[in-house]
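Visitor: I would like a close look at one part of this protein. Could you walk me through a single region, please?

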Amino acid sequence: MGRLAKDMDLRILPFTIFGILTILGASACTPKATPAIDAVGTAVAQAASDLLTETAAASSPTPPPPTITLTPVSSETATREPGSSGPVQRPQTVNFTGCWRGPGPTYVLISNISKGKAVELLGIGSVPGWYVIRNPYFHNPCWVQAADLKIFHGTGLSTYPVMTPGP
């Protein structure tokens, strides 16, 4: 019986080797599974990263817009030169300038205003050397340095309210 078992093993051996090689070859030829992309998880991670970045960038609380301390005059009085029927020219930026939420870089920069842009004057800043204008791009009040703004003769600055930055 020993010889018969040995002969049987030798007859099966080529089929066994062929089967193993077939399995190995087939597994080598099949494409490897790529990890599935978790679209929802990726979107959540991106949103969390954006929120953390925005939170880190907002290191100080945003102060409210400037408050008026005096009663403003009508726009007709503020834009006409005394004794004249023609309108006074609107103030104009003389430099590329920042438009801040308050007087200076310790406040949030709202936007930059290009040189030569006509702006609407809203008031005189309570901090010397600053004016409050209506941002020509976002239409909200913002502060610009007096050195960056040309105020034309006859504007009547005394008629504008003094404005203070928010807390």
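Visitor: Leaving aside its neighbours within four places in sequence, which residues is D148 in contact with?

Guide: Happy to help. This is a predicted model, where local features need pLDDT of at least 70, side-chain atom pairs count only at pLDDT 80 or more, and totals for chains, interfaces and linings use all residues. Residues are numbered from 1 along each chain as its sequence is written, and side-chain values use heavy atoms, with hydrogens and water left out.

Beyond those sequence neighbours, D148 is in contact (heavy atoms within 4.5 Å) with Q92, T93, V94, N95 and T97. With N95 there is also a side-chain polar contact of 2.8 Å; the term covers a pair of N or O atoms within 3.5 Å, where within protein one must be able to donate a hydrogen and the other to accept it, and residues adjacent in sequence count only if both atoms are side-chain atoms. D148 is buried (under 20% relative accessible area, 1.4 Å probe, protein chains only). Even so, D148 has no salt bridge (a side-chain nitrogen of Lys or Arg within 4 Å of a carboxyl oxygen of Asp or Glu). The nearest side chain of opposite charge, K115, is 10 Å away.

As for its setting, D148 lies in the loop between β7 and β8 (149-150); strands here are DSSP runs (E, at least two residues), numbered from the N terminus. Leading up to that loop, β7 (residues 141-145) runs antiparallel to β6 (residues 130-134), joined by 5 bridges; strands pair if DSSP finds at least two. I133 stands opposite C142 in β7, and I133 is also the bridge partner of L121.

Notes: Helices (H or I, at least four residues) and strands (E, at least two) are DSSP runs, numbered from the N terminus. Buried means under 20% relative accessible area, exposed over 50%, partly exposed in between (1.4 Å probe, protein chains only). Lys and Arg count as positive and Asp and Glu as negative; His and the chain ends are not counted.
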